[in-house]
Amino acid sequence: MTDSTIEALNKKLDRLIEAVARLAPPLVPETDLGGADCFVWQAVPGYLEPVRKVNRVDIGLIRGVDRVRDILVDNTERFASGYAANNVLLWGARGMGKSSLVKAVHAAVNASAKLDLPLKLIEIHREDIDTLPKLMALLKAAPYRFILFCDDLSFDHDDTSYKSLKAALEGGVEGRPANVIFYATSNRRHLLPRDMIDNERSTAINPSEAVEEKVSLSDRFGLWLGFHKCSQDEYLDMIDGYVRYHGLAIDPETLRAEALEWATTRGSRSGRVAWQYTQDLAGRLGKSLQD
């Protein structure tokens, strides 16, 4: 066999090896639970990606929701300390700080220095809800306690993944691991469109049973924390808190007039609108906002 023939065979073998390697499943990265306090669940290939810098605000800047804030802090502290606690559904008006509050409470509880081990926050995307059993199996033997957090959780027509969530929360044979709790935010109290529930009622042989099937998902959450539209005073208080925190120098009367005009042009008042105005103000003043 000539050298040229051997070289040609080697090239073909190299291409064959590369092709076979592409067919093999990717290696699952190692998850170091001690390397961070926040993670994002990557359902494929199935590992926890650490988040080194979390997008969140100080809990003191979240205004107008004092009662639900205190309830969530208390529930989270009890869970982090190893005591009984409930799954939580934060529902209601958009832009009122539901997801911000979850992240802020997590940071506040960890900063309290009362825990032997830090509480971990894991975000799971809405489209990966059906992989919850796989994630819980990964977490149940870990020495840490975990908040599984799903932002903007809701289900559309013909979406049956809510059944996976029901089983993972409370209904499975094995049940939810003792070191795992589930927090979700949604604009809907029952997580399902109203017309979807109504359609089930109208087409079912036993309408009441069909409705019970749909609303039983939200019953898996022991705490329902409602967020409602804020008043004008609460909206201005939010902006005042942001302005002071970030050291933005502006005349109080000018601030009030601009803030009200901003809310009018947006057609709503909320924490999100207040934050957007603050960003605009900081940009006009040539300032950057603190982390």
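The following dialogue introduces several features of a predicted protein model.

Visitor: How should the residue numbers and the values be read?

Guide: Residues are numbered from 1 along each chain as its sequence is written. In this predicted model, local features need pLDDT of at least 70, side-chain atom pairs count only at pLDDT 80 or more, and totals for chains, interfaces and linings use all residues, while side-chain values use heavy atoms and leave out hydrogens and water.

Visitor: How many helices and strands does the protein have?

Guide: Helices (H or I, at least four residues) and strands (E, at least two) are DSSP runs, numbered from the N terminus. The protein has 10 helices and 7 strands.

Visitor: What percentage of the residues is buried?

Guide: Buried means under 20% relative accessible area, exposed over 50%, and partly exposed in between, with a 1.4 Å probe and protein chains only. Of the 291 residues in the protein, 41% are buried. Cys38 belongs to the buried class, because its relative accessible area is 5%. Cys230 is buried as well, with a relative accessible area of 6%.

Visitor: How many disulfides does a search of the whole structure find?

Guide: A disulfide is a pair of cysteine sulfur atoms within 2.5 Å. The search of the whole structure finds 0 disulfides.

Visitor: How is the packing of two helices described?

Guide: The description uses the angle between the two axes and the distance between them. Axes are lines fitted to C-alpha atoms, for helices over the stretch in contact, and angles run from 0 to 180 degrees between N-to-C directions. Here the axes of helix H8 (residues 232-245) and helix H10 (residues 271-284) come within 9 Å and cross at roughly 40°. H8 is therefore oblique to H10; angles under 35 degrees count as roughly parallel, over 145 as roughly antiparallel, 65 to 115 as roughly perpendicular and the rest as oblique.

Visitor: Which residues in H8 and H10 meet?

Guide: Contact means heavy atoms within 4.5 Å. Residues of H8, including Tyr235, Met238 and Tyr242, meet residues of H10, among them Val273, Trp275 and Leu281.

Visitor: What is usual for phi and for peptide bonds?

Guide: Most residues other than glycine have a negative phi, and most peptide bonds are trans. In this model, the peptide bond from Val44 to Pro45 is cis, with omega near 10°. Pro45 is found in the loop between strand E1 (38-42) and strand E2 (47-50). Asp152, although not a glycine, has a positive phi of about 55°. Asp152 lies in the loop between strand E5 (146-150) and helix H5 (162-171).

Visitor: What is the relative accessible area of Asp152?

Guide: The value is 46%, so Asp152 is partly exposed.
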